[in-house]
Amino acid sequence: MRKNSFALLGLISFALTACDMPPLGTGGTTKQGKFQIAQDAPEGAATGTCWGKTETAAIIETVTREVLVQPAQVSSDGRIQQPAIYKKQARQEIVQEREVNWTQIVCITQLTEDFTASLQRALDARGFYRGPVTGLMDNRTRNGIRKFQAVDGFDNGILTVTAARKLGLVAVPRTP
């Protein structure tokens, strides 16, 4: 009996390590940088919506400028008696501010087996997914999502609401 328990435990552990679903917190990249699923939401976001964000670091460069030390001495008739004196001064400046870009994503609770199967069919119909319709969010499905979204500059396997709307999987809000 004990041997069977170890065999079953070994089989389960092998199945878990062979699982090819990437962790949800990791994404890919966007034009702005690395994408992460956010634990918070942007200001004014509707309750119950899910978000991801891309944070870009500020760009700081050393900038060299000439600084006036002593102005030119000019006589009353306009002739320069002594030219101005400048010195070079280097200092670090922020040339691009830090940015946070928010993207609404499909919540994990919405990624049911039926939804994922519809997603696989929609990606297949557009040439972004090749494989069986399993309803499982596996690497093949995430790669299809990534390829579909990359067309719009969002190279990521996490499904955005915008992409889901383009695929006809999420309702488009009505305009009043």
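Q: Is phenylalanine 154 buried or exposed?
A: In this predicted model, phenylalanine 154 has a relative accessible area of 11%. Buried means under 20%, so phenylalanine 154 is buried.

Q: How many aromatic pairs does the structure hold, and how is such a pair described?
A: A pair of aromatic rings is described by the distance of the centres and the angle of the planes. The structure holds two aromatic pairs. In one of them, the ring centres of phenylalanine 35 and phenylalanine 154 are 5.0 Å apart and the planes stand at 80°. Planes over 60 degrees apart count as edge-to-face, so this pair is edge-to-face. Phenylalanine 35 belongs to strand E2 (residues 34-37) and phenylalanine 154 to strand E9; with their positions 119 residues apart, the pair links distant parts of the chain. Phenylalanine 35 has 0% relative accessibility and therefore counts as buried.

Q: What are the distance and the angle for phenylalanine 128 and phenylalanine 148?
A: The rings of phenylalanine 128 and phenylalanine 148 lie 5.3 Å centre to centre with 85° between the planes, an edge-to-face pair. Phenylalanine 128 sits in the loop between H2 and H3, phenylalanine 148 in helix H3, 20 residues apart. Phenylalanine 148 counts as buried at 10% relative accessibility, whereas phenylalanine 128, at 24%, counts as partly exposed.

Q: What span should helix H3 have, and which of its residues are buried?
A: The span follows from a rise of 1.5 Å a residue, so the twelve residues of H3 (residues 139-150) should span 16 Å. The end C-alpha atoms are 16 Å apart, which agrees. The buried residues of H3 are Thr141, Arg142, Gly144, Ile145, Phe148 and Gln149. These residues lie on the same side of H3, because they cover an arc of only 155° around the axis. They pack against helix H2 (113-125), strand E9 (154-155) and helix H4 (161-166).

Q: How many salt bridges does the structure hold, and which residue pairs with arginine 65?
A: A salt bridge is read from a side-chain nitrogen of Lys or Arg within 4 Å of a carboxyl oxygen of Asp or Glu. The structure holds nine salt bridges. In one of them, arginine 65 pairs with glutamate 93, and the closest N and O atoms are 2.4 Å apart. This pair links strand E4 (residues 59-70), which holds arginine 65, to strand E7 (residues 85-96), which holds glutamate 93; the two are 28 residues apart. Arginine 65 counts as partly exposed at 44% relative accessibility, while glutamate 93 counts as buried at 17%.

Q: Which residue forms a salt bridge with lysine 166?
A: Lysine 166 pairs with aspartate 152, with 2.3 Å between the closest N and O atoms. Lysine 166 is in helix H4 and aspartate 152 in the loop between H3 and E9, 14 residues apart. Lysine 166 is partly exposed, with a relative accessible area of 43%, and aspartate 152 is partly exposed at 48%.

Q: Which residues are linked in a network of salt bridges?
A: The network of salt bridges links Asp40, Lys53, Glu55 and Arg98.

Q: Which elements have the lowest and the highest mean pLDDT?
A: pLDDT is the predictor's confidence in each residue, from 0 to 100. Helix H1 (residues 2-18) has the lowest mean pLDDT, 39, and H2 the highest, 97. Over residues 1-26, pLDDT stays under 50. The protein averages 83, and 81% of the residues score at least 70.

Notes:
Residues are numbered from 1 along each chain as its sequence is written. Side-chain values use heavy atoms; hydrogens and water are left out. Helices (H or I, at least four residues) and strands (E, at least two) are DSSP runs, numbered from the N terminus. The expected span of a helix is 1.5 Å times one less than its number of residues. Buried means under 20% relative accessible area, exposed over 50%, partly exposed in between (1.4 Å probe, protein chains only). The arc is that of the directions from the helix axis to the C-beta atoms. Contact means heavy atoms within 4.5 Å. Rings of Phe, Tyr and Trp (its six-membered ring) pair if their centres lie within 6.5 Å; planes under 30 degrees apart count as stacked, over 60 as edge-to-face and the rest as tilted.
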